[in-house]
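Reader: Hello! I am new to this structure and would love a close look at one part of it.

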Amino acid sequence: MKKILVFFSANKQTVSLESHILELSKLGFDMYFLTSCGEGVLHKRLREKGIKCYTSPIQFSNSINTYIFNFFYVIYFIIRNQVNFVFPHLHTPCLISSFAQYFVSAEFIFFRHNSSVWNNQDILEKDINKNERIVDSIINIMANKIIVPSDGVKNYMITHENVNASKIEILHYMYDFSMYNEPSYEMVEKIREEYKCNLLLIMVSRMVKHKRHILVLEALNNLIKEGYDIKLLLLDDGPEENNLKEYVSKNKLEKHVFFIGFVQNFIDYMKASDVLVQPSMTDASNSVAKEMGLLSKAIMVSEGVGDYSEYVVPGENGILIPTINTKESIEKELCSIYNAKYDLIQMGKTLRETILDTFSKSKLEEEYITFVKNNLLYNQ
């Protein structure tokens, strides 16, 4: 039985990754899961399904020493466990694997989960994470095969990063939607009561510049000054959190913007909200949008970023906002929503149908079989 190591750098629940690992296990591979961070709910969930889960003895930090340790540890892990294929996901595992691949016989297939922002005129040079750009460049050069979840990411890599198209293969995110907990309707009602308003918005994303929370806050600030009864729930955290809190405080938005943080019952908050607002510039195939669709909720997401434009039909199952003049577009669309120019209930129902028909496990099993035949069986 061939062995696959999935090398990851996070430990939170990730249904798309869990579904990916379990589908490969079902197809006959012996699956190993290793993270450069500590134990978390993701390890627990996978271990309960029979997946062998491990963590690096020294967790990753920005220190060069942790990079060096993890480089040697991954080599040791692959050799000790006689791993045949390594699937690194996210920047840190992919960077470490770019160099480790030359010291073992295992084949490495790299998985990319971000699209870039460098060509967008709204992104200032000072806001660009140059380290991420360097890492992407290194991986693009050193990887023989890169798996991406959407045409949008593939086309961007070819057009703007000059990556050879033969290196890139699309494998859409698979979701076993039965893995999600059902919302607690008691909790949903409690949230609705606590944050009572005419329009309850939600953002669920790490607080970094390229997720562009600040544009939502600025648009919301203008509308509140005009008398709109709108509130915003911000889930998750990140390095931009203090700057966002400072903006809220400076503009006296404390009664309208609420920092919820990272919570396990995120499904309850999604179900309680009316619309997801997600103007990110770095999404490859955003899971939150699919989760909102599963709950029959409306979404407002970035046009042309990741795979949004591949399944969102404006006005029918969601709202697409441009990546330039974004604040003005958010403000305009929120006005339309507030004034009932969209049927949010029908929009959410249509999105649910789209999500189930496009990303569910049953719809993508053939695509996974083809991926396995093309990449993992030729040397058996």
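In which loop does Asp236 lie, and what else is there to see from that point on?

Author: Happy to walk through it with you; please keep in mind that this is a predicted model. Asp236 sits in the loop that joins strand S10 (230-235) to helix H9 (241-250). Its phi is near 85°, a positive value in a residue other than glycine. That is worth a second look, because most residues other than glycine have a negative phi. Asp236 is buried, because its relative accessible area of 16% is under the 20% cut-off.

Gln82 makes a good partner for Asp236 in this tour. Gln82 is not a glycine either, and has a positive phi of about 50°. You will find Gln82 in the loop between H3 and strand S4 (85-88). Whereas Asp236 is buried, Gln82 is exposed, with a relative accessible area of 59%.

Helix H3 itself covers residues 64-80, and Ile68 is found in it. Together with Ile64 and Phe72, Ile68 forms a nonpolar patch on the surface, and the accessible area of the three adds up to about 320 Å². Ile68 has 40% relative accessibility, so it counts as partly exposed. In soluble globular proteins, nonpolar side chains tend to be buried together, and you can look for that next.

The largest nonpolar core has 65 residues, and Phe33, Phe87 and Leu376 have the most contacts inside it. Beyond its neighbours within four places in sequence, Leu376 touches Ile4, Leu24, Phe29, Phe85, Phe87, Ile109 and Phe371. There is also a second, separate core of 32 residues, which includes Leu217, Ile224, Leu232 and Cys335.

Cys335 brings us to helix H13, where it is one of the buried residues, along with others including Ile330, Leu334 and Ile337. Polar and charged residues such as Ser329, Glu331 and Glu333 are on that buried list too. The buried residues of H13 pack against several elements, among them strand S9 (199-204), helix H8 (213-225) and helix H14 (344-359). Strands S12 (275-278), S13 (298-302) and S14 (319-321) also pack against them.

You can check the length of H13 yourself: at 1.5 Å a residue, its 13 residues (326-338) should span 18 Å, and the end C-alpha atoms are 18 Å apart, so the two agree. After H13 comes Ala340, which brings us back to the theme of the start: its phi is positive, near 60°.

Key. Residues are numbered from 1 along each chain as its sequence is written. This is a predicted model: local features need pLDDT of at least 70, side-chain atom pairs count only at pLDDT 80 or more; totals for chains, interfaces and linings use all residues. Side-chain values use heavy atoms; hydrogens and water are left out. Patches are made of residues with over 30% relative accessible area and no salt bridge: like charges are joined within 9 Å, nonpolar side chains (Val, Leu, Ile, Met, Phe, Trp, Tyr) within 5 Å. Accessible areas come from the Shrake-Rupley method with a 1.4 Å probe; for residues, only the protein chains shown count as cover. A salt bridge is a side-chain nitrogen of Lys or Arg within 4 Å of a carboxyl oxygen of Asp or Glu. Helices (H or I, at least four residues) and strands (E, at least two) are DSSP runs, numbered from the N terminus. Buried means under 20% relative accessible area, exposed over 50%, partly exposed in between (1.4 Å probe, protein chains only). The expected span of a helix is 1.5 Å times one less than its number of residues. Contact means heavy atoms within 4.5 Å. A nonpolar core is a set of buried Ala, Val, Leu, Ile, Met, Phe, Trp, Tyr and Cys residues joined through side-chain atoms within 4.5 Å.
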